[in-house]
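Me: Could you walk me through this structure, please? I am new here and would like to go step by step.

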Amino acid sequence: MVTKYQDQLLADQQKNKTKPPSLFNVVLLNDDYTPMEFVIQVLQKFFSLDMDSATRIMLKVHTEGKGICGTYPRDLAATKVKRVLDYAKQHQHPLQCVMEEIGS
């Protein structure tokens, strides 16, 4: 009887293990109006990138249509997207920023 109870308890514990949070890429999308310098500024300000890394991502956005700025858990990614969009709107640029779940 005790063994059956212990087996059930162990099975319940394994079922209830927390899995790591899903990760999301924060992605900038290309447009024909936002200046390249502004994109670099956004990458440095919100993603703490140095000039070379920010320039590399900006060029990827420009040539390939999108570029990954960083990978974060859902809440942090959503916050970064909102802050970038608000900043772009405040400066009257149509820059778009989205989050994409990794593995989806």
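Reply: Happy to; here are some notes on the model, then a few questions with answers. This is a predicted model, where local features need pLDDT of at least 70, side-chain atom pairs count only at pLDDT 80 or more, and totals for chains, interfaces and linings use all residues. Residues are numbered from 1 along each chain as its sequence is written, and side-chain values use heavy atoms, leaving out hydrogens and water.

Me: Which helix gives the most to the largest nonpolar core?

Reply: A nonpolar core is a set of buried Ala, Val, Leu, Ile, Met, Phe, Trp, Tyr and Cys residues joined through side-chain atoms within 4.5 Å; buried means under 20% relative accessible area, exposed over 50%, partly exposed in between (1.4 Å probe, protein chains only). The core here has 23 residues. Helices (H or I, at least four residues) and strands (E, at least two) are DSSP runs, numbered from the N terminus. With seven residues, the biggest contributor is H2.

Me: Is Ala88 buried or exposed?

Reply: Ala88 sits in helix H4. Leaving out residues up to four places away in sequence, Ala88 touches Phe38, His93 and Leu95 (contact means heavy atoms within 4.5 Å). Because its relative accessible area is 1%, Ala88 is buried.

Me: Which residue forms a salt bridge with Lys60?

Reply: A salt bridge is a side-chain nitrogen of Lys or Arg within 4 Å of a carboxyl oxygen of Asp or Glu. The partner is four residues from Lys60 in helix H3, so about one helical turn separates them. With closest N and O atoms 3.1 Å apart, the partner is Glu64.
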